[in-house]
Amino acid sequence: MTRAVVRFDTGGDLPAPNVDMTATLSTFEMPSPILTASGCAAAGRELDQFFDVTRLGAMVTKSIMMEPRSGRATPRIAETPSGMLNSIGLQGPGVHAFLEQDLAWLRERGARVIVSIAGGTTQEYEDLAKILRTQEGIDAIEVNISCPNVADRGQVFACRADSAAGVVASVRRSSDPSIPILAKLSPDVTDLATIAVACERAGADGLTLINTTLGVVVDTDTMRPALAGITGGLSGPAIKPIAVRCIWQVREVLPDIPILGVGGVRSGLDALELILAGANAVSVGTTVFRDPSAPLRIHSDLAVALADRGFERLSDAVSFAHREPDLDAVEVDEPEVPEWL
Ligand SMILES: Cc1cc2nc3c(=O)[nH]c(=O)nc-3n(C[C@H](O)[C@H](O)[C@H](O)COP(=O)(O)O)c2cc1C
């Protein structure tokens, strides 16, 4: 690991720094560590009007299910301080239309692609994995397990180690063994580390941390919940410390597992924070609604921030915050010894 020198100059108008920004998630190598987040940029067509989506580490597509779905009732978006609450409810065209329209377009465009899948039963995840196995142009699969299990009273798969691991094992079994699968976990659990370890043992090649965290907004004019579905997933800057906490906790128990960090990233320094906590790459979600070009800006600002801190390679910064404190580098004032000692 390159020893970083911590400096506090910002780099100003320096030319593009010479930092190796290659990021890897298991066997999937990307020229940039900045990806989109599932559900926040559809399949990339709209973003491509703002910048060339092949410059992204990868497009992570909206979670796809077997059948078309219209999602939950409206209203399904509410603003919150430093974030937003959504209850879109996995609206989508179903896997066959996705393959014909979206995946075909991404392949033609030459973009790297992580396909996100979701299901109401373990069988549905397995069926989706078998269909994806027949397709070209998929670099990895993200398994969104923050879905209610219809066979278990609507308990969310990601909230229990056994149900999370069950889905991961069936997707791993049914997928092309050369394609990495990432299990996307929910922060709404008491023991994330145990669930992460269960997913890894079940065959996950990596983890995506985190999905949204549940919230409720009450409209003080109507004096009713703002969302028709009452609860929604909170995203945006408000959840960044939760994402960093989850990445940190999982990195402590699984030092080598690839982690795709996501949650509240708006700037290069936000991305750096997730990387220092243990993320190998970073997805940008809610921010792209306000600033569609954010992924490119975040990539460049991250490169500058890494260079400023003496890193020659992005990979050297991954988990860097977990090192022991360098006591020699810290000036500590001798505490005054109280007289009564
Ligand atoms: C409108 C919206 C739709 C989303 N849809 C999905 C989805 O289909 N699948 C999924 O795994 N996550 C979905 N997410 C969660 C994001 O991928 C991401 O985990 C979360 O928003 C946190 O990142 P952010 O704070 O950068 O937005 C969605 C988030 C938003 C805001």
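**Exercise 1.** Determine in which sense strands β11 and β12 pair, and over how many bridges.

*Solution.* Step 1: strands are DSSP E runs of at least two residues, helices are H or I runs of at least four, and both are numbered from the N terminus. Two strands pair if DSSP finds at least two bridges between them. Step 2: β11 (residues 181-185) pairs with β12 in the parallel sense over 4 bridges. Within this pair, Ala 183 stands opposite Leu 207 of β12.

This is a predicted model, in which local features need pLDDT of at least 70 and side-chain atom pairs count only at pLDDT 80 or more, while totals for chains, interfaces and linings use all residues. Residues are numbered from 1 along each chain as its sequence is written.

**Exercise 2.** State the strand order of the open sheet of 8 strands and explain what is left at its edges.

*Solution.* Step 1: the order is β3-β18-β17-β12-β11-β8-β7-β4, with parallel pairing. Step 2: β3 (34-36) and β4 (59-60) stand at the edges with a single partner strand each, so one side of each lacks a neighbour in the sheet.

**Exercise 3.** Establish whether Ala 317 is buried or exposed, and list its contacts.

*Solution.* Step 1: a residue is buried if 20 or more other C-beta atoms lie within 10 Å of its own, exposed if 12 or fewer, and partly exposed in between, with C-beta atoms placed from the backbone. Step 2: Ala 317, in helix α9 (residues 314-317), has 23 C-beta neighbours inside 10 Å and therefore counts as buried. Step 3: contact requires C-beta atoms, placed from the backbone, within 7 Å. Leaving aside neighbours within four places in sequence, Ala 317 contacts Leu 272, Ile 275, Leu 276, Leu 306 and Phe 311.

Technical notes
Contact = placed C-beta atoms within 7 Å.
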